[in-house]
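Trainee: Got a minute to go through this model with me? I'd like to start with one strand and then move on to the pockets.
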Amino acid sequence: RYKEVSRTAGVSTTDLVGRMLLLTKNHFKQGEKEYEVEKDDAIQCYTNGTPLHKPLLIQIPSHAPACRYSRSSQLGQDHTARSPWTGCSQFLPTTQKIIQFSDGKPPKPTDRIVYVAGAFDLFHVGHLDFLEKARSYGDYLIVGLHTDPVVNQYKGGNYPIMNLHERVLSVLACKYVNEVVIGAPYSVTADLMEHFNVGLVCHGQTHIALDVGNIDPYAIPKQMGKFMLIDSGNTITTEDIVDRIIRHRLEFETRNQKKEKKEIEVYEAMQKVKLAQKSG
């Protein structure tokens with residue numbers, strides 16, 4: 001009755017929390033830097049010229065102490081992360097990973113296709129309930145995922161916390177999702193509606209930011225009479241989760257240090273056993 005399921009290599013909750021707390025942005029670089037896991041500068045704060053012992057967090061209030069940038073060495077984000085498990089590894093997207101997470105089934109000719117779009121960052125129960133609700137209005141659910149720069153444009157800060165590749169796998173793993181559009185346009189176009197034969201476009205209760213030129217991103221499906229605002233009954237958002245983690249930052253750091261210490265001890269013990277077996 002017990003079964004171990006292998007984790008997805010390169011995906012680390014420690015890394016994700018570090019991105020929230022350290023204001024990193026390198027997780028959604030493009031071009032030649034796209035697949036690097038280089039860590040950004042964190043903000044170091046000063047009170048009366050004396051640096052505080054912790055880097056400042058997201059959402060800097062206007063009354064906060066003066067700040068400047070400094071290289072962070074916190075939360076397993078650099079060479080100080082010695083544990084083979086707590087330290088952050090690099091996520092390498094492959095087609096095989098996508099195939100493993102996808103159901104691979106095309107829609108039937110009679111299926112009513114529902115389309116939703118968004119960031120779906122740090123996939124959580126709020127997303128799950130929304131997708132379940134959207135799926136209930138049709139037979140086949142397609143999720144459009146916006147690119148990292150687009151998400152950052154309408155969310156700001158260091159969002160998205162997870163880059164596009166990571167968000168694709170998170171959404172594909174949801175049982176209500178049949179297909180994902182990787183890098184979907186922010187505004188739902190007539191071409192997209194026609195290409196996927198979309199019967200209904202849904203959006204939740206979160207704010208809808210206008211596209212460039214103050215254009216309603218859902219203007220086309222609204223004109224076609226194929227748009228619906230839905231309420232899943234779940235109000236949790238990605239921002240809620242980030243705020244919660246920020247409030248418990250010191251607890252997280254303490255937990256992580258203890259976890260790292262135990263993992264190092266276990267790893268060293270395993271290495272000693274291997275050496276003993278080889279010599280014996």
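Trainee: So is E4 buried or exposed?
Mentor: Buried. Keep in mind that this is a predicted model. Six of the six residues of E4 are buried, so the rest of the structure largely encloses the strand.

Trainee: Which residues of E4 point which way?
Mentor: Ile113, Tyr115 and Ala117 go one way, while Val114, Val116 and Gly118 go the other.

Trainee: And which strands pair with E4?
Mentor: E5, residues 140-145, pairs with E4 in the parallel sense over six bridges. Ala117 sits opposite Gly144 there. The chain gets from E4 to E5 through H3, in a right-handed β-α-β crossover. E4 also pairs with E7, residues 198-203, in the parallel sense over three bridges. In that pairing, Leu200 of E7 is the bridge partner of Val114.

Trainee: Okay, switching to pockets. What's the volume of the largest pocket?
Mentor: About 780 Å³. It has 33 lining residues, and the closest to its centre are His127, Lys155, His203, Thr206 and His207.

Trainee: Which elements give two or more residues to that lining?
Mentor: Strand E4 again, plus helices H3 (125-135), H4 (148-155) and H8 (238-247). H3 has the largest share, with three residues.

Trainee: How does the lining of the largest pocket split by class?
Mentor: There are 14 nonpolar, 15 polar and four charged residues.

Trainee: Last one: where does the largest pocket lie relative to the domains?
Mentor: Between domain 1 (95-235) and domain 2 (237-279), because both give residues to its lining.

Methods:
Residues are numbered from 1 along each chain as its sequence is written. This is a predicted model: local features need pLDDT of at least 70, side-chain atom pairs count only at pLDDT 80 or more; totals for chains, interfaces and linings use all residues. Side-chain values use heavy atoms; hydrogens and water are left out. On a 1 Å grid over the protein atoms alone, a cavity is a set of points where a 1.4 Å probe fits but cannot get out, and a pocket is an open set with protein on both sides within 12 Å along at least five of seven lines; lining residues have an atom within 4 Å of a point. Grid points are joined across faces, edges and corners, and a volume is the space filled by probe spheres set on the points. Helices (H or I, at least four residues) and strands (E, at least two) are DSSP runs, numbered from the N terminus. Ala, Val, Leu, Ile, Met, Phe, Trp, Tyr, Cys and Pro count as nonpolar, Asp, Glu, Lys and Arg as charged, and the others, Gly among them, as polar. Domain bounds come from an automatic or database domain assignment. Buried means under 20% relative accessible area, exposed over 50%, partly exposed in between (1.4 Å probe, protein chains only). Two strands pair if DSSP finds at least two bridges between them. A crossover is right-handed if, with the strands pointing away from the viewer, the path from the first strand over the helix to the second runs clockwise.
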